[in-house]
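This report walks a new reader through one protein model, part by part. Please keep the sequence and the 3D view at hand while reading.

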Amino acid sequence: MVVGLVGWFRWGWRGPPSDRIDRRPLVLVDAGHGGVDGGTQGFGVLEKRVALATARAAADALRRRGVRAVLTRETDVALTLEERVAMANDRGAAAFVSVHFNFSTASAAVRGVEVYYSDPKDLSAEVAVASLLGAPVGDAAVAAASIALADAIRTAIVRHADTPDRGTRNRPDLAVTRRTRCPAVLVECGYLSNPEDAARAATPAWRQQLAAGLAEGVAAWLAGGSR
Ligand SMILES: [Zn+2]
């Protein structure tokens with residue numbers, strides 16, 4: 001956009017507010033599944049719906065804390081895993097947080113929150129570009145930062161949402177955490193195969209507690225300088 005002389009006198013050298021670059025770290029909040037991909041389901045609760053509702057609440061909670069948060073999807077649309085990854089990499093996100101709900105075929109008694117990260121990452125598509133630019137990619141510091149982010153989110157969710165702590169786990173097989181360049185985690189908020197978790201997932205009140213924990217964990221991680 002061209003400001004021109006009139007704009008210069010009106011706004012000064014900074015340009016109009018919309019032209020100012022937001023330099024705050026960007027947190028990409030990814031609502032799992034969507035569209036034809038419903039994810040898992042249990043007790044009448046569909047993963048894609050509660051994941052979106054929880055992700056939206058988390059993005060709102062982050063914004064209330066002054067964190068710049070953007071959702072990968074705002075509505076019930078299908079996105080490929082690569083599209084989600086590209087959003088984080090193309091926009092230079094500081095963190096990627098994917099929101100999901102889990103299902104156990106082993107036991108309906110299994111419930112609680114667990115958070116995944118990927119070490120090592122697979123940045124083969126990124127490395128070609130980055131090496132041309134002389135930029136380092138996929139260093140060990142990113143893995144450590146992903147673990148710190150996972151732990152911060154998990155402990156805050158356990159506290160806010162009164163749910164069992166199932167730990168932080170390395171899942172090198174997950175595309176969204178493996179192929180994103182930034183620290184990245186996937187939060188399994190609860191088990192739709194468990195009657196209590198499923199019933200709570202259906203309520204806005206519990207999703208707000210999950211979102212409050214997620215936002216507190218991300219904010220603590222950002223403030224801690226571990227990224
Ligand atoms: Zn899922």
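With which side chain does the side chain of Asn102 make a polar contact? The partner is the side chain of Tyr191, at 3.2 Å, where a polar contact is a pair of N or O atoms within 3.5 Å; within protein, one must be able to donate a hydrogen and the other to accept it, and residues adjacent in sequence count only if both atoms are side-chain atoms.

Before going further, the reader should know that this is a predicted model, in which local features need pLDDT of at least 70 and side-chain atom pairs count only at pLDDT 80 or more, while totals for chains, interfaces and linings use all residues. Residues are numbered from 1 along each chain as its sequence is written, and side-chain values use heavy atoms, with hydrogens and water left out.

**The chain as a whole**

The protein chain holds eight helices and eight strands; helices (H or I, at least four residues) and strands (E, at least two) are DSSP runs, numbered from the N terminus. Of its 227 residues, 49% count as buried, where buried means under 20% relative accessible area, exposed over 50%, and partly exposed in between (1.4 Å probe, protein chains only). Among contacts between residues at least 6 apart in sequence, 81% join residues at least 24 apart, a contact being heavy atoms within 4.5 Å.

**Asn102 and Ala150**

Asn102 belongs to strand β5 and, with a relative accessibility of 13%, counts as buried. Leaving aside neighbours within four places in sequence, Asn102 is in contact with Thr40, Glu114, Tyr116, Glu188, Gly190, Tyr191, Leu192 and Ser193.

Ala150, placed in helix α5, is buried as well, with a relative accessible area of 0%. With neighbours within four places in sequence left out, Ala150 is in contact with Val115, Thr168 and Val185. Ala150 and Pro183, which are 33 residues apart in sequence, lie 9.3 Å apart in space, C-alpha to C-alpha.

**The zinc site and the largest pocket**

The zinc ion has as its protein donors His33 (NE2), Glu47 (OE) and His100 (ND1), lying 2.1 Å from it. Donors are N, O and S atoms within 2.8 Å of the metal (3.2 Å for Na, K and Ca); water is not among the atoms, so sites may look incomplete. Along the chain, the donors follow the spacing H-x13-E-x52-H. Because His33 lies in the loop between β1 and β2 (41-42) and Glu47 in helix α2, the pair ties together parts that are 14 residues apart in sequence. His33 counts as buried at 17% relative accessibility, and Glu47 counts as buried at 3%.

The largest pocket has a volume of about 180 Å³. On a 1 Å grid over the protein atoms alone, a cavity is a set of points where a 1.4 Å probe fits but cannot get out, and a pocket is an open set with protein on both sides within 12 Å along at least five of seven lines; lining residues have an atom within 4 Å of a point. Grid points are joined across faces, edges and corners, and a volume is the space filled by probe spheres set on the points. Of the 16 residues that line the largest pocket, His33, Leu81, His100, Val176 and Leu186 are the closest to its centre. The elements giving two or more residues to this lining are α3 (81-90), β5, α6 (175-178) and β8.

**Two helices**

The table sets out the spans of two helices; the expected span is 1.5 Å times one less than the number of residues.

| Helix | Residues | Expected span | Distance between end C-alpha atoms |
|---|---|---|---|
| α2 | 18 residues | 26 Å | 26 Å |
| α8 | 21 residues | 30 Å | 30 Å |

The buried residues of α2 include Glu47, Lys48, Val50 and Ala51, and just after α2, Gly66 takes a positive phi of about 85°. Among the buried residues of α8 are Trp206, Arg207, Trp221 and Leu222; what covers the buried residues of this helix includes β1 (26-31), α2 (47-64), β5 (95-102), α5 (140-161), β8 (184-191) and α7 (195-201).

**Backbone details**

Most residues other than glycine have a negative phi, and most peptide bonds are trans. His33 nevertheless has a positive phi, near 65°, and Phe43, which is not a glycine, has a positive phi of about 55°. Phe43 sits in the loop between β2 and β3 (45-46) and is exposed, with a relative accessible area of 55%. The peptide bond from Asp119 to Pro120 is cis, with omega near 10°, and Pro120 is found in the loop between β6 (113-117) and α4 (124-133).
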